[in-house]
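Grab a pencil and take your time with the exercises below. Try each task yourself before you read its solution.

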Amino acid sequence: MLRVRFAPSPTGYLHIGSARTFIFNWLYARHNGGAMILRIDDTDLERNTQESLDSIFDGLKWLDLNWDEFYRQSERGDKHREMAMKIFEKGLAYRDFTPAAGDLEEKSHAGGPWLFHPEMRGLSRAESDRRAAAGEPFVLRFRVPREREDKVIFNDLVYGEQLKATADMEDFALLRSTGAPTYHMASCADDADLRISHIIRGQDHLTNTFKHVLIFKALGVEPPKFAHLPLLIAPDGSKLSKRKHGPVVSVTTYRDAGFLPHAFVNFVVLLGWSPKNDREVMSRAELIDAFSLEGVNRSNATVNFTAEDPFDPKAVWLNAETIRTMPVEELAKALAPFAPKPDLCKLRKIAPLIQERIKLLRDVREVADFFFVDELPPYPASELVPQKGTPELAKSVLREARKILETATFEPDALEAALKAGAEKLKIKTGQMYQPVRVAVCGRKVAPPLFATLAALGRETALDRMDRAIGKL
RNA sequence: GGCGCUAUCGUCUAACGGUUAGGACGGAGCCCUCUCAAGGCUCAAAUACGGGUUCGAUUCCCGUUAGCGCUACCA
């Protein structure tokens, strides 16, 4: 059975890149009828926060993509330690008693690469046991088999065959001096234990994979298949980060601005993946059907945001497209949390009027504000004056319109016919009739279609606003 | 510094070694129209650079450049 996992570490909020990794895994699992596993990789006690964990759950819950199994890595520490010691017992790892030192710069620069402490790698088992028994702290290091194997090879489902000389690999840590497993150890131990068949993750792990292959082999299990995803980067070319780019990278920012979950999924899946048939707007079912690792490309994708405009224009367009094509009832419900009042009854009337006029759900506030107020905010009387008209004309137009609205049937077609007739009677262009009425009723020149708007507003409100407008002139 | 990965319009991307290098977003223009949208049509816009291989390279190989990643007792 195919088994994939998403393994975030709760050290920041769920950001768009992590969400994408989840989505790719989910799609792959659903496409193949496999299992989706959520595992919280919280082995770094120092940096984990409950807030971050909440953010991850909030984000995933919003995406509405489910998982089949759930694990928390911190609860499995004993198992990881046990598996690490199994590697040690096989002689494939050794204790390093070198005290943790601030020789970081020394390691990374200093001309040659730092690989291991020879005297520790060469320590006899008896000596090692003696010092450990004496309570001397140590880190457990993997003994990279430079003598037996000169390279590590694996085949990445996206990047193809990957090869690295063992001579270029350091003896990485498996267990910290506190006894806690490192990420590499915990991750591989769990992947092996949970029988993960495919690891789909960010390309930042591509070079780590050589270490992981070594660990899997040391554990005596067949390594899973690997597929690395190109990274998501900011317009300046740097990796998306909270510190540098702020909340624009957080999934909850999209949610709070009024993105529809599916529009977000649709946008994000197109970053680094293509169905190769020019299709872009796809339903969830179509996505599941079309998804394959072959469609994943290898170069990083830029999320195009700016300080003024935090959302990629394509994401916004996809969202608008999703809004336009969804059932009105669903739209009305989605709009409720964003409207001035969560009045579903009213929203059902408004939704069709604004459906193709909003890009984000939050836009409802400015596009449909006048539906929710008892009294219109003040606007200049000059707005009531139509093109090539005078205040006097505006006044007579509004009086005529008022009279019409007193008796007209409040239904779009009937209102249009009646108002049109009124314009003919006054011998003015229809636009000169409609525009003053629009301003009187909406409080501004730009608004949804007039007749449907009037119908939604109702006679009483319309008449009241007409009177106030006439009074301004 | 070492090791690895990547390179097509501004952005996301498509193209068995043979295409006028295609689509989408965004931009510009026109049409439609009660304003705004939506919709329709049109336009501008790319194979990083240099060498090979080949009858023929966006595509294969090498180099350069650039970007990114890893190089922790972080994940």
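Here are four exercises on this predicted model, each with a worked solution.

**Exercise 1. The domains**

Task: Find which domains chain A is assigned, and state how far apart the centres of domain 3 and domain 4 are.

Solution:
- Step 1. Begin with the part of chain A that is written in two stretches: domain 1 covers 3–70 + 187–231.
- Step 2. Domain 2 takes 78–175, domain 3 takes 326–371, and domain 4 takes 381–472.
- Step 3. Now turn to the pair in the task: taken over C-alpha atoms, the centres of domain 3 and domain 4 are 24 Å apart.

**Exercise 2. Where domain 3 meets domain 4**

Task: Describe the contact between domain 3 and domain 4: how many residues take part, and what area is buried?

Solution:
- Step 1. Count the residues on each side: domain 3 brings 10 residues to the contact and domain 4 brings 11 residues.
- Step 2. Look at the area: about 820 Å² is buried between the two domains, and carbon and sulfur atoms give 67% of that.
- Step 3. Ask who supplies the share of domain 3: Leu353, Phe370 and Phe371 provide 66% of the area that domain 3 buries against domain 4, more than any other three residues.
- Step 4. Check for polar links: four residue pairs are in polar contact between domain 3 and domain 4, and one salt bridge is found across the interface.
- Step 5. Place the residues in elements: on the side of domain 3 that touches domain 4, helix H15 (344–354) and helix H16 (364–367) each give two or more residues. H15 gives the most, with three residues.
- Step 6. Sort this side of domain 3 by type: six residues are nonpolar, none is polar and four are charged.

**Exercise 3. Salt bridges**

Task: Explain why a salt bridge can form, then work through two pairs, Arg444 with Asp369 and Arg121 with Glu147.

Solution:
- Step 1. Start with the idea: side chains of opposite charge can pair when their charged atoms come close.
- Step 2. Apply the cut-off of 4 Å from nitrogen to oxygen. Arg444 and Asp369 pass, at 2.4 Å.
- Step 3. Arg121 and Glu147 pass too, at 2.9 Å.
- Step 4. Locate this second pair: Arg121 sits in helix H5 (residues 118–121), while Glu147 is in the loop between strand S5 (139–142) and strand S6 (151–156). The two are 26 residues apart, so the pair links distant parts of the chain.
- Step 5. Set both in context: the structure holds 38 salt bridges.

**Exercise 4. The RNA strand**

Task: Work out which residues come nearest to RNA strand B and which part of the strand the protein meets.

Solution:
- Step 1. Of the 64 residues around RNA strand B, the nearest are Arg176, Gly272, Glu280, Glu356 and Arg438.
- Step 2. Of the RNA atoms within 4 Å of the protein, sugar and phosphate account for 68%.
- Step 3. Look at individual side chains: a polar atom of Ser9 lies 2.7 Å from a sugar or linking oxygen of the strand. For Thr207 the distance is 3.2 Å, and for Asn300 it is 3.2 Å.
- Step 4. Finish with the surface near RNA strand B: helix H13 (residues 313–325) gives the most, with four residues, and the surface divides into 20 nonpolar, 22 polar and 22 charged residues.

Technical notes:
Residues are numbered from 1 along each chain as its sequence is written. Chains are lettered from A and ligands numbered from 1 in the order in which they are written. This is a predicted model: local features need pLDDT of at least 70, side-chain atom pairs count only at pLDDT 80 or more; totals for chains, interfaces and linings use all residues. Side-chain values use heavy atoms; hydrogens and water are left out. Domain bounds come from an automatic or database domain assignment. Contact means heavy atoms within 4.5 Å. Buried area is the accessible area (1.4 Å probe) that two parts lose on being put together, summed over both. A salt bridge is a side-chain nitrogen of Lys or Arg within 4 Å of a carboxyl oxygen of Asp or Glu. A polar contact is a pair of N or O atoms within 3.5 Å; within protein, one must be able to donate a hydrogen and the other to accept it, and residues adjacent in sequence count only if both atoms are side-chain atoms. Ala, Val, Leu, Ile, Met, Phe, Trp, Tyr, Cys and Pro count as nonpolar, Asp, Glu, Lys and Arg as charged, and the others, Gly among them, as polar. A residue is near a molecule or strand if one of its heavy atoms lies within 4 Å of it.
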